[in-house]
Amino acid sequence: MGLNIRDIIPRREVEISELSDKILCVDAFNALYQFLSTIRQPDGTPLMDSKKRITSHLSGIFYRNINLIDEGIKLVYVFDGKAPGLKAKTYKIRQDVRDLAQERYETAKEEADVMGMKRYSSQMLRLDDEMIAESKELLIAMGIPVIQAPSEGEAQAAHMVRVNSKVYASVSQDYDSLLFGASKLIRNLTVSRKRKTYSGYIEIKPEIIELEKVFNFLEINLEQLICLGILVGTDYNPKGIPGIGQKRALEIVKRYKVPYEIFKSVEEQMMSLPEDDRFDWQEIFALFYKPDVSNSDFEFIQFDEDKIKDILVRKHDFSEERVQKQIDKLKEIKQKNQQKNLGKWF
């Protein structure tokens, strides 16, 4: 789901080369759901091993991340901890979407509607504990640091960008990172570089959103941006306030300026919401403004060739030849980096 403020947020495309030698904190759950959604077979079913265990997430972690590492990008993956209780409504909506998609997928299957099967199957995806655990295991085996957030992964990544001078930006498709105060947000990094459309393939480039430029362009501050997000709808109040879109929300926060006055101006609309959709704006505001985060540190370690093969080849039936080819690429990258570091001394 996520926050929808796309139409009013300034951004610019970046070349992958611009991100070389930079440390980026990836919202792990966001990336894994991308892999599960997009790395699929022609009929829409996810990749699976011989025991029918889903492997799309492992494929994405391994192949796409190695391509990014080859570009000189240093990745740190941040995993969600305990979700705030307010997210229960979002989880319920997501489960309802999955249930409906399951029904429509079965109908499409009966009718041999391959396009329908592909469309609905991508809406049925779900990360379970085993998939999360083996994702961490594979990342660590690849030498990619893993951070366990106390609560929201996006909040932790945003915090690390703010307080750790080594970290350049947060990586997520969702705009919520901005409400958590991420000074820089990179989108489209872990997605496929090409997207199929009715007229053919189009190139997808990463884009960067800089929080300071957002403030200057919209003429608002962080408190007002959080209020804007709550008006439109966040994961803590998914439906927001009906009738208030991105541009109208911007007008309201600029007119009333401080949180109390902003929400007092829409109090009547808030009270007219169905009971299940009502929300305490102060509680949501606090989750964004003072999220539960930790001062986590990380280090980059050597990849473990045997562990990678154990997870992918022996356990999940990946092609040993293809996996070895990527491991050889990792070896070449390491050797190239060693030579580059050695050159700094001369």
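In this predicted model, helix α1 has a long list of buried members: Ala-28, Phe-29, Asn-30, Ala-31, Leu-32, Gln-34, Phe-35 and Leu-36. That makes eight buried residues out of the eleven in α1, so the helix is largely enclosed by the rest of the structure. The cover over these buried residues is supplied by elements that include β2, α2, β3 and α5.

Helix α1 and its cover lead naturally to the hydrophobic interior. The largest nonpolar core holds 47 residues, and the members that touch the most others are Phe-62, Leu-75, Tyr-77, Leu-189, Ile-308, Leu-312 and Val-323. Two or more residues of this core come from each of β2 (23-27), α1 (28-38), α2 (56-70), β3 (74-79), α5 (129-141), β5 (167-171), α14 (305-315) and α15 (320-343). Helix α2 provides the largest share, with seven residues. For a closer look at one well-connected member, Leu-75 is a handy choice: beyond the residues up to four places away in sequence, Leu-75 touches Leu-24, Val-26, Asn-65, Leu-68, Ile-144, Pro-145, Leu-189 and Phe-300. Another core, of 42 residues, lies apart from this one and has Leu-179, Met-270, Phe-279 and Phe-285 among its members.

Two of the helices that contribute to the largest core, α5 and α14, also form a helix pair worth describing. Their axes come within 8 Å and cross at roughly 135°. At this angle, which falls short of the 145 degrees above which a pair counts as roughly antiparallel, α5 and α14 are therefore oblique to each other. On the α5 side the contact is made by Glu-134, Glu-137, Leu-138 and Ala-141, while α14 brings Lys-307, Ile-308, Ile-311, Leu-312 and Lys-315. Sorted by class, the contact comprises five nonpolar and four charged residues, with no polar ones. Ile-308 and Leu-312 thus appear in this contact and also among the residues that touch the most other members of the largest core.

The loops hold several residues of interest. Arg-53 sits in the loop between α1 and α2 and counts as partly exposed, at 25% relative accessibility. Although 263 residues separate Arg-53 from His-316 in sequence, their C-alpha atoms are 7.9 Å apart. Once neighbours within four places in sequence are set aside, the contacts of Arg-53 are Leu-47, Met-48, Lys-315 and His-316. Lys-315 from this list also takes part in the contact of α14 with α5.

A second long-range pairing involves Asp-292, placed in the loop between α13 (281-289) and α14. Asp-292 is partly exposed, its relative accessible area being 46%. The C-alpha atoms of Asp-292 and Gly-81 are 9.8 Å apart, with the two positions 211 residues apart in sequence numbering. Contacts of Asp-292, leaving aside neighbours within four places, are with Pro-150 and Ser-151.

Ile-204 belongs to the loop between β8 (200-203) and β9 (207-210). With a relative accessibility of 10%, Ile-204 counts as buried, the threshold being under 20%. Its C-alpha lies 9.0 Å from that of Leu-189, a residue 15 places away in sequence. Leu-189 is itself one of the residues listed as touching the most other members of the largest core.

Backbone geometry adds two further loop positions. Most residues other than glycine have a negative phi. Against that background, Asp-21 has a positive phi, near 70°. Asp-21 is found in the loop between β1 (12-13) and β2 and is partly exposed, with a relative accessible area of 47%. Lys-257 likewise has a positive phi near 70°. The loop that carries Lys-257 runs between α10 (246-256) and α11 (259-264), and this residue is partly exposed, at 49% relative accessible area.

Over the whole protein, the secondary structure comes to 15 helices and nine strands. Of the 346 residues, 49% are buried. Among contacts between residues at least 6 apart in sequence, 71% join residues at least 24 apart; the pair of Arg-53 and His-316, 263 residues apart, offers an example of such a separation. The protein exposes about 18000 Å², and carbon and sulfur atoms supply 49% of that area.

Definitions and conventions. Residues numbered from 1 in each chain as written. Predicted model: local features only at pLDDT ≥ 70, side-chain atom pairs only at ≥ 80, totals over all residues. Heavy atoms only, no water. Core = buried A, V, L, I, M, F, W, Y, C linked by side-chain atoms within 4.5 Å. Buried < 20%, exposed > 50% of the residue type's maximum accessible area, 1.4 Å probe, protein only. Helix = DSSP H or I, 4+ residues; strand = E, 2+ residues; numbered from the N terminus. Contact = heavy atoms within 4.5 Å. Axes fitted to C-alpha atoms, helices over the stretch in contact; angles between N-to-C directions. Parallel < 35°, antiparallel > 145°, perpendicular 65-115°, else oblique. Nonpolar A, V, L, I, M, F, W, Y, C, P; charged D, E, K, R; others polar. Areas by Shrake-Rupley, 256 points an atom, 1.4 Å probe, with all protein chains shown as cover.
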